[in-house]
Amino acid sequence: MKPAPFEYHAPATLAEAVELLRRLDDAKVLAGGQSLVPALNMRLAQTEHLVDLGALTDPGLHDVTVTDRSVVVGALVTHADLERDEATARALPLLRETLHHVAHPAIRNRGTTVGSLVHADPNGEMPAILALTGGRVDVRSATGERTIEAADLVVAPLESSLRPDEIAVRAHFDLPPAGTVDAYDEFARRSGDYALAGVAVRLWVAGGAVTGGRASFVSVTDLPDILDLTPALRGVTVHGGPPELPEEAARAIGELVAGHVQPETDIHADAEYRRHLAVVLTRRVVLAALARVGDGVAQAQAQAQAPEGAA
């Protein structure tokens with residue numbers, strides 16, 4: 001199928017783009033277009049005006065910047081750009097780890113991370129990561145700029161809190177606090193397919209033990225909200241060997257996750273199978289995070305035991 005007729009606009013500056021949105025009654029914004037264009041082609045979405053941001057020349061829209069607080073991603077930065085950015089990988093490894101799972105390489109080469117956030121798809125990975133890191137999105141209209149916190153960005157599946165006259169111009173993924181470790185994993189039937197379930201986890205560790213934890217989910221909740229894992233994980237010890245999850249902690253994680261997620265049955269999997277996947281994946285991702293802490297413990301122990309003057 002082909003899209004319904006629309007008028008195409010290619011503004012040269014952000015000011016022109018927001019002015020178009022101010023005066024047009026029915027307009028959609030196109031950045032990477034990897035979600036919008038298929039929807040238009042299949043007549044799942046229609047618009048009278050399409051505002052293409054691809055030609056914008058404003059500084060910062062194509063940039064990734066690491067500050068002392070966050071990774072700042074411009075509106076026209078593609079998933080592939082962000083995935084390849086070495087400064088980002090050092091500052092917030094969770095982003096690269098998650099972006100590797102986003103769709104197919106061809107889609108990552110054109111799809112934008114900020115566009116994915118405001119698309120608000122519960123099957124998308126990036127809204128869950130923004131929620132887990134406590135990030136935010138800056139949006140602009142003809143009357144000015146405002147910031148939307150991650151918790152307020154998605155109001156319903158495929159519906160963000162942006163007003164019709166606003167454009168998302170950058171996203172901030174906050175850096176992990178000291179003493180935290182992150183991990184992400186998902187399960188899809190084929191690489192690049194939407195995940196049947198995905199889980200991102202952040203753990204707080206001090207004195208060789210977990211003091212807190214939180215998780216955010218993909219494909220099994222309507223909104224990218226946060227589940228507090230602290231009641232299940234507080235006191236779990238970390239050491240230099242293979243990670244272990246006590247039976248009591250594993251059971252408590254299962255109860256928390258099973259009660260939190262709200263999966264739906266579709267042609268790919270039924271709700272109970274998705275719930276089971278969410279539980280299994282959460283335990284697996286927690287173990288992956290513990291392993292990273294353990295690797296650091298083992299390295300520190302090895303350095304402490306090395307003979308004086310050893311490299």
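Among contacts in this protein between residues at least 6 apart in sequence, 63% join residues at least 24 apart; contact here means heavy atoms within 4.5 Å. Before we go on, a word on the model: it is predicted, local features need pLDDT of at least 70, side-chain atom pairs count only at pLDDT 80 or more, and totals for chains, interfaces and linings use all residues. Residues are numbered from 1 along each chain as its sequence is written, and side-chain values use heavy atoms, with hydrogens and water left out.

Let's start with the whole protein. Its secondary structure comes to twelve helices and 14 strands, where helices (H or I, at least four residues) and strands (E, at least two) are DSSP runs numbered from the N terminus. The protein is as compact as a globular protein of its length, because its radius of gyration of 21 Å is close to the 19 Å that the globule rule gives for 311 residues. That radius is taken over C-alpha atoms, and the rule is 2.2 Å times the number of residues to the power 0.38. Along the principal axes, the C-alpha trace spans about 70 × 50 × 30 Å.

How much of the protein is buried? Of the 311 residues, 46% count as buried. Buried means under 20% relative accessible area, exposed means over 50%, and partly exposed is in between (1.4 Å probe, protein chains only).

Now look at helix α8, residues 125-133. Nine of its nine residues are buried, so this helix is largely enclosed by the rest of the structure. Among them are E125, at the start of the list, and T133. After α8 comes G134, whose phi is positive, near 70°.

On the way into α8 you will meet A120, in the loop between α7 (113-119) and α8. A120 is not a glycine, but its phi has a positive value, near 60°. Is A120 buried or exposed? With a relative accessible area of 2%, A120 is buried.

R43 also has a positive phi near 60° in a residue other than glycine. You can find R43 in the loop between α2 (36-41) and β3 (49-52). At 38% relative accessibility, R43 counts as partly exposed.

Strand β3 is home to H49. This histidine counts as buried because its relative accessibility is 12%. Leaving aside neighbours within four places in sequence, H49 is in contact with F6, E7, H9, L24, D26, A27 and K28.

Next, find S219 in the loop between β13 (209-218) and β14 (227-228). S219 is buried, with a relative accessible area of 10%. Which side chain makes a polar contact with the side chain of S219? The partner is N123, at 3.1 Å. A polar contact is a pair of N or O atoms within 3.5 Å; within protein, one must be able to donate a hydrogen and the other to accept it, and residues adjacent in sequence count only if both atoms are side-chain atoms. Not counting residues up to four places away in sequence, S219 touches P122, N123, A195, L196, A197 and R274.

Our last stop is R110, in the loop between α6 (105-108) and α7. At 54% relative accessibility, R110 counts as exposed. R110 touches G32, Q34 and T78, not counting residues up to four places away in sequence. The C-alpha atoms of R110 and V293 are separated by 35 Å, and these two residues are 183 apart along the chain.
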